[in-house]
Amino acid sequence: MNATAPSRSGSPRPGTTPVGLGGPHPVLDVVIPVYNEETGLEPCVRRLRAHLAERAGYPYRITVADNASTDKTLAVAERLAREFPEVEVRHLDEKGRGRALRAVWSASDAAVLAYMDVDLSTDLAALGPLVAPLLSGHSDVAIGSRLARGARVVRGPKREFISRCYNLILRGTLAARFSDAQCGFKAIRADVARALLPHVRDTGWFFDTELLVLAQRAGLRIHEVPVDWVDDPDSSVDLVATATADLKGIVRVTRATFTGEIPVHRLREQLGREPIGVEAPGVSPSLVKQLVRFAAVGVASTVAYLLLFLLLRTIVGAQAANFTALLVTAVANTAVNRRVTFGVRGRAGAGRHQFEGLLVFGLGLALTSGSLALLNHTTHPGLVLETTVLVLANLAATVLRFLLLRGWVFNPRRTANEESS
């Protein structure tokens with residue numbers, strides 16, 4: 001799949017075309033959100049500007065987003081803007097990092113939008129690797145990560161523990177696949193941001209996480225850069241309040257996803273990268289994903305089968321309990337695999353799929369029942385041995401079921417013919 005993959009409309013998908021480095025507009029707009037940072041702002045801007053002037057090689061802008069500061073932060077920012085033509089100031093009457101980033105990014109004319117914390121805890125040497133994959137069209141979003149392999153981090157055990165716990169919570173609740181949501185060092189393609197920002201509700205610290213979760217679910221590529229990061233001991237962030245707000249944000253995003261308030265499917269159609277066009281004889285590019293999903297469904301089916309068998313075994317005989325438990329779980333297994341593992345949706349072919357799924361079930365029944373009959377013919381097993389043999393027979397039946405479902409029941413050619421007819 002090349003970098004200029006077309007969308008369904010035939011035009012290049014946002015985020016995939018390389019960015020032109022010439023022209024009248026800045027290529028990169030680096031936003032520095034600040035609140036009462038009259039002391040730290042000037043050294044930050046001077047250091048960042050010197051770094052970009054030496055290494056960028058393309059037009060850039062540094063935007064200071066003042067979040068309703070009550071000290072001399074705005075005056076310092078305006079003085080720097082008068083001194084350097086590359087520096088601009090945006091003043092907001094309300095606080096909130098997310099609010100500041102949304103305001104500046106939505107109005108920016110740059111092709112790539114970035115932001116970093118004013119304390120410059122992240123080594124600026126990572127800025128080039130952060131931006132490069134966005135300029136080339138390789139990635140849509142880029143984040144600095146303190147938890148990725150290769151990162152070098154200096155910070156206290158309290159912040160380390162909180163950061164790792166937070167990212168663990170994200171993986172468990174929102175199925176996040178990125179390693180570090182809260183590192184203040186991120187960038188995004190402007191064409192992608194225009195589609196995502198209207199759906200990001202948070203105005204504070206959870207803004208980053210919400211944007212990343214939405215980008216992931218929309219099928220965008222998130223590039224991670226391991227960073228050198230030194231904790232700022234003078235940071236004024238209220239960890240308890242921030243953690244509480246983040247947990248509330250997780251609940252809100254989860255609810256919005258289930259209710260359809262966040263149009264994930266539409267965004268995926270608009271922005272998602274197409275599957276990789278691999279041409280390998282005898283190997284389907286979706287085989288690994290299908291195996292993982294089938295295994296997950298198989299584990300759930302096996303657990304359900306065992307529970308039903310053990311429940312029914314106390315009421316009816318072993319063979320009757322085995323037949324009933326297999327039948328119930330087979331119907332459910334076929335339905336779930338149809339949608340989750342093989343991606344078949346709609347009613348077309350559903351009847352045939354269930355019928356053929358029952359034939360596959362019959363083979364599984366023959367295998368497990370045969371094993372059970374052989375066991376009872378040769379010995380007088382207890383419940384533990386009987387259950388063990390059935391589990392092993394079920395594992396063998398599961399392998400057979402996957403091969404038959406993939407190559408016969410849900411064969412892509414048969415499914416495509418049914419959908420087109």
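**Helical spans, a nonpolar patch and an enclosed strand**

The end C-alpha atoms of residues 383-404 are 31 Å apart, and this span is 100% helix and 0% strand.

Student: Before we go on, what kind of model is this?

Tutor: It is a predicted model.

Student: Which residues does UniProt annotate as "transmembrane region"?

Tutor: The unreviewed UniProt entry gives that annotation to residues 318-336, 357-377 and 383-404.

Student: How far apart are the end C-alpha atoms of residues 318-336, and how much of that span is helix?

Tutor: The distance is 27 Å, and the span is 100% helix with 0% strand.

Student: Turning to the surface, which residues make the nonpolar patch?

Tutor: Phe323, Leu327, Val331 and Leu358 form it, with an area of about 290 Å².

Student: Which helix gives the most to that patch?

Tutor: Helix α11, residues 318-341, gives the most, contributing three residues. Leu327 is located in α11.

Student: Why does Leu327 count as partly exposed?

Tutor: Its relative accessibility is 31%. Partly exposed covers the range between the buried limit of 20% and the exposed limit of 50%, so Leu327 falls in that class.

Student: Let us step back to the whole chain. How many helices and strands are there?

Tutor: The protein chain has 14 helices and nine strands.

Student: What share of the residues is buried?

Tutor: Of the 421 residues in the chain, 44% count as buried.

Student: And what is the accessible surface of the chain?

Tutor: It comes to about 21100 Å², and 61% of it belongs to carbon and sulfur atoms.

Student: What part of the contacts is between residues 24 or more positions apart?

Tutor: Such pairs account for 77% of the chain's contacts that have a separation of 6 or more.

Student: Now the strands. Is β5 largely enclosed or open, and why?

Tutor: Strand β5, residues 141-145, is largely enclosed by the rest of the structure, because five of its five residues are buried.

Student: Which residues lie on each side of β5?

Tutor: Val141, Ile143 and Ser145 are on one side, with Ala142 and Gly144 on the other; all are buried, and both faces are thus covered.

Student: In what sense do β5 and β7 pair?

Tutor: The pairing of β5 with strand β7, residues 185-189, is antiparallel and runs over three bridges. Ala187 of β7 is the bridge partner of Ala142.

Student: And how do β5 and β8 pair?

Tutor: Strand β8, residues 222-226, pairs with β5 in the parallel sense over five bridges. There, Gly144 has Val225 of β8 as its bridge partner.

Conventions: Residues are numbered from 1 along each chain as its sequence is written. This is a predicted model: local features need pLDDT of at least 70, side-chain atom pairs count only at pLDDT 80 or more; totals for chains, interfaces and linings use all residues. Side-chain values use heavy atoms; hydrogens and water are left out. Patches are made of residues with over 30% relative accessible area and no salt bridge: like charges are joined within 9 Å, nonpolar side chains (Val, Leu, Ile, Met, Phe, Trp, Tyr) within 5 Å. Accessible areas come from the Shrake-Rupley method with a 1.4 Å probe; for residues, only the protein chains shown count as cover. A salt bridge is a side-chain nitrogen of Lys or Arg within 4 Å of a carboxyl oxygen of Asp or Glu. Helices (H or I, at least four residues) and strands (E, at least two) are DSSP runs, numbered from the N terminus. Buried means under 20% relative accessible area, exposed over 50%, partly exposed in between (1.4 Å probe, protein chains only). UniProt positions are given in the numbering used here, feature names are shortened, and annotations may be inferred rather than shown by experiment. Contact means heavy atoms within 4.5 Å. Two strands pair if DSSP finds at least two bridges between them.
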